[in-house]
Amino acid sequence: MLEVERLSVRYGAVQALHEVSLSIEEGAIVTLIGSNGAGKSTTLRAISGLLRPAGGTIRYCGERIDRLPAHAIVGRGLSQVPEGRMVFANLSVRENLQMGAYLQRDRALVQRELERVFSLFPRLQEREQQVAGTLSGGEQQMLAIGRALMSRPKFLMMDEPSLGIAPLLVATIFEKIVEINRSHGITVLLVEQNANLALDISSHGYVLETGRVILHDRSAALRADERVRSAYLGA
Amino acid sequence: MTEFLQQLVNGLALGAVYALIALGYTMVYGVLRFINFAHSEVFMAGAFAGYFLARLIPTGSVVGGLLVLAGAMLICALLGVLIEKLAYRPLRGRSTLTALITAIGVSLLLQNLGQRIFGPNPRSFPVLFPLHYFHLGGVVLSSAQLILFAVTAVLLLGLRHVVMKTRIGTAMRALSFNPVAASLVGINNDRVISFTFALGSALAAAGGILYASSYPSIDPLMGTLPGLKAFVAAVLGGIGNIPGAALGGVVLGLVETLVVALGGSTYRDAVAFAVLILILLFRPNGLLGRLQTEKV
C-alpha cells in the first residue's frame with residue numbers, strides 16, 4: 001500500500017534521513033521505533049508532504065505522492081495524528097472534527113463519520129461544544145485521532161500517541177488504535193517511544209537510528225532481538 | 001450635553017471607518033503573523049474605485065450608492081488577492097521581518113503608482129447617497145452618517161457570520177491557530193490566505209468609500225494616516241482578535257473626536273500614537289487579546 005524507497009531528508013546542512021525504505025501492506029499495523037532524533041517524526045512529516053524529500057520516492061497505491069502538497073495527500077486517503085496532538089485549541093470539539101472532514105463536501109457523510117467517531121470516543125460527544133484547549137491531554141489525543149479519522153483515511157499515521165498522557169489512558173488509546181485497524185479496516189503506521197506497547201499491537205516494525213533503518217522484521221522477532229531488547233525494551 | 005452627544009455621533013462614525021480598516025490588519029496578522037502595511041493603500045484604492053465607478057453608475061440614490069460600494073469592494077478584494085499573490089506568497093516560509101519590509105515596499109509602490117496614474121492633486125469625491133440632515137433634539141445626524149452606521153453594522157455582522165459559522169471561516173481560525181495542523185486536515189492554506197486578503201481588502205474598500213463620503217476629498221496619499229490609525233486600533237483591540245479590531249476602531253474614533261472637541265485639534269493625529277504607546281506599555285496584548293496558553 002505504501003512504498004517508501006531510499007528516502008532522504010535534509011534540514012539545511014543536516015541530513016535527517018539517509019535512504020530510508022519502508023514497505024507497508026494494506027490492513028497492517030506497522031511501527032517505527034527508535035530514540036529521540038532518530039528520524040521517526042521526520043519520516044511521517046515527509047510522507048504527509050510537510051517536508052520535501054531531498055531524494056527517494058514515496059508511493060501510495062502505486063502513485064508517487066512525494067511532490068504533492070500536504071492537503072492533496074490528505075485527499076488521497078493518508079491522514080496523520082501529529083506529535084503533540086496539535087488540536088485547534090481555539091475551536092470547539094465539534095469544529096475540530098468538522099475541520100477533520102474539510103475536504104468532504106457531502107454533509108450526510110460527515111454526519112455519519114461524526115457519529116462513528118463519537119461511538120469510538122464517547123467522551124468527545126460529552127464535550128462536543130467545549131473549546132478544545134480546555135480538554136485534558138488524553139481527551140486532546142482522542143480528539144486528534146477523531147479529527148484524523150474524519151477525513152475517512154485508508155492509511156493513518158500516528159506520531160507518539162502515548163506522549164504526555166496519563167498511564168491509565170494510554171492503554172485505552174492503544175485499544176482504540178487496534179479497534180480502528182480491525183473494525184474500520186485502516187492501515188496504521190505508528191511511531192512510538194514506548195516500544196513495548198508498539199511491538200505488542202503491531203505485526204511488523206522498523207528500528208531507526210540516526211536517520212537510518214538498522215533493523216526491520218516481524219514485531220515478535222524484534223521483541224526477541226538482543227539489540228532491541230537492550231536498547232529499547234529496557235531488558 | 002448636546003455638544004457631547006454630537007461629538008459622540010461624530011466619533012462613532014470615524015471609529016466605524018477605523019474599525020473597517022483595522023479588521024483587515026488583524027485578519028491578515030491572524031493567518032500570516034505580519035502587518036500588511038499596504039492595507040492603507042487598499043483603503044485609498046477603494047475610494048478611487050468608488051470615484052470612477054460613480055461615473056458609470058448613476059448615484060444619488062441609496063441603490064446607486066450601494067452598487068458603487070459593492071463594486072469598489074469587489075475591485076479591492078481582487079487587488080488584495082493580487083498583492084498577496086505577487087508580493088507575499090513568494091516569501092512564504094521566510095522570516096516575518098522579510099514580509100514586513102516587503103509590505104512597506106508595496107505600500108510605497110502603490111502610493112507612487114497612485115500619484116502617477118491619478119495625479120497628486122486632491123479630487124472631490126462625488127455624492128453617492130441622497131443627502132439629508134436629521135435633527136434629533138439638537139443633535140444633527142447626516143444621511144451619510146446613518147448609511148455609514150448601517151453599512152458598517154451589516155458588514156460586521158456578515159463578517160462575524162463568515163468567520164464563526166462557515167467552513168472557510170472555521171478554516172481561517174484553524175489556520176491562524178496552527179498552519180501545520182491545518183494542512184494536515186486537508187486545508188489548502190494558500191487558498192484560505194487569499195480569501196482572508198479578499199475579505200480584509202473588501203472591508204477596507206468599504207471604509208474608503210464611507211470615509212470619502214464624509215470627508216469628500218481624495219488623493220493617492222489619503223490612506224497613510226487613517227491606515228496607521230486603524231493599525232493602532234487593531235493593536236488596541238488585541239492584534240489577531242477580530243472583535244478586538246472592531247472595538248479598538250470605535251474606541252480610537254471616539255477618543256480622537258473627543259480630544260478635538262475639547263480643543264486639542266492640534267493633537268488630532270497625535271492621539272492615536274499616544275494611545276499606541278500607552279497600550280504597548282500597559283496592556284501589550286490589547287483590550288481583548290490575551291496570551292494564548294496551550295495545554296501540552
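Which residues are linked with B:Arg89 in a network of salt bridges? They are B:Glu84, B:Arg92 and B:Asp190, which together with B:Arg89 make up the network. Keep in mind that this is a predicted model. With that said, let's take a tour, starting with the salt bridges.

## Salt bridges inside the chains

Counting over all chains, the structure holds 19 salt bridges. Here are some of the pairs found within a single chain.

| Pair | Closest N to O distance |
|---|---|
| A:Arg6 and A:Glu19 | 3.4 Å |
| A:Glu113 and A:Arg116 | 3.3 Å |
| B:Glu256 and B:Arg268 | 3.1 Å |

Let's go through them one by one. In the pair A:Arg6 and A:Glu19, the side chains meet in a salt bridge. A:Arg6 belongs to strand β1 (residues 2–11) of chain A and A:Glu19 to strand β2 (residues 14–24) of chain A, so this pair ties together parts that are 13 residues apart in sequence. As for its surroundings, A:Glu19 counts as partly exposed, because its relative accessibility is 44%.

The next pair stays inside one helix. Both A:Glu113 and A:Arg116 lie in helix α4 of chain A, and they sit three residues apart, which is about one turn of the helix. Is A:Glu113 buried or exposed? It counts as buried, because its relative accessibility is 4%, and the cut-off for buried is under 20%. Its partner A:Arg116 has 35% relative accessibility, so it counts as partly exposed.

Over in chain B, B:Glu256 forms a salt bridge with B:Arg268. B:Glu256 is part of helix α10 (residues 242–264) of chain B, while B:Arg268 is part of helix α11 (residues 268–282) of chain B, so the pair ties together parts that are twelve residues apart in sequence. B:Glu256 counts as buried, because its relative accessibility is 2%. B:Arg268, on the other hand, is partly exposed, with a relative accessible area of 31%.

## Where the two chains meet

Now for the place where chain B and chain A touch. How many residues does each chain bring to the contact? Chain B brings 22 residues and chain A brings 26 residues. Between them the chains bury about 2200 Å², and 61% of that is on carbon and sulfur atoms.

One salt bridge is found across this interface. In it, the side chains of B:Arg173 and A:Glu95 meet, with 2.9 Å from N to O. There are also three residue pairs in polar contact across the interface, both residues of each pair being at pLDDT 80 or more.

On the side of chain B that touches chain A, the elements giving two or more residues are α6 (167–177) and α7 (179–184) of chain B. The largest share of that side, eight residues, comes from α6(B). Sorted by class, the side of chain B that touches chain A has 13 nonpolar, six polar and three charged residues.

## A helix in chain A

Next up is helix α7 (residues 167–184) of chain A, which has 18 residues. From its first C-alpha to its last, this helix reaches 25 Å, close to the 26 Å expected at 1.5 Å a residue. Its buried residues include A:Leu169, A:Val170, A:Ile173, A:Phe174 and A:His184. What do the buried residues of α7(A) pack against? Their partners are β3 (29–33), α4 (107–120), α6 (137–149), β7 (155–159), β8 (187–191) and α8 (195–201) of chain A. Right after α7(A) comes A:Gly185, which has a positive phi, near 65 degrees.

## Two buried residues up close

A:Thr42 sits in helix α1 (residues 40–47) of chain A. This residue counts as buried, because its relative accessibility is 9%. Its side chain is joined to that of A:Tyr11 by a polar contact of 3.1 Å. Leaving aside neighbours within four places in sequence, A:Thr42 is in contact with A:Val9, A:Tyr11, A:Ala16, A:Leu17 and A:Leu51.

For chain B, have a look at B:Ala233, found in helix α9 (residues 224–237) of chain B. B:Ala233 has a relative accessible area of 0%, so it is buried. Setting aside neighbours within four places in sequence, B:Ala233 is in contact with B:Ala22, B:Gly244, B:Gly248, B:Gly249 and B:Leu252. B:Ala233 and B:His39 are 194 residues apart along the chain, and their C-alpha atoms are separated by 14 Å.

Key. Residues are numbered from 1 along each chain as its sequence is written. Chains are lettered from A and ligands numbered from 1 in the order in which they are written. This is a predicted model: local features need pLDDT of at least 70, side-chain atom pairs count only at pLDDT 80 or more; totals for chains, interfaces and linings use all residues. Side-chain values use heavy atoms; hydrogens and water are left out. Helices (H or I, at least four residues) and strands (E, at least two) are DSSP runs, numbered from the N terminus. The expected span of a helix is 1.5 Å times one less than its number of residues. Buried means under 20% relative accessible area, exposed over 50%, partly exposed in between (1.4 Å probe, protein chains only). Contact means heavy atoms within 4.5 Å. Buried area is the accessible area (1.4 Å probe) that two parts lose on being put together, summed over both. A salt bridge is a side-chain nitrogen of Lys or Arg within 4 Å of a carboxyl oxygen of Asp or Glu. A polar contact is a pair of N or O atoms within 3.5 Å; within protein, one must be able to donate a hydrogen and the other to accept it, and residues adjacent in sequence count only if both atoms are side-chain atoms. Ala, Val, Leu, Ile, Met, Phe, Trp, Tyr, Cys and Pro count as nonpolar, Asp, Glu, Lys and Arg as charged, and the others, Gly among them, as polar.
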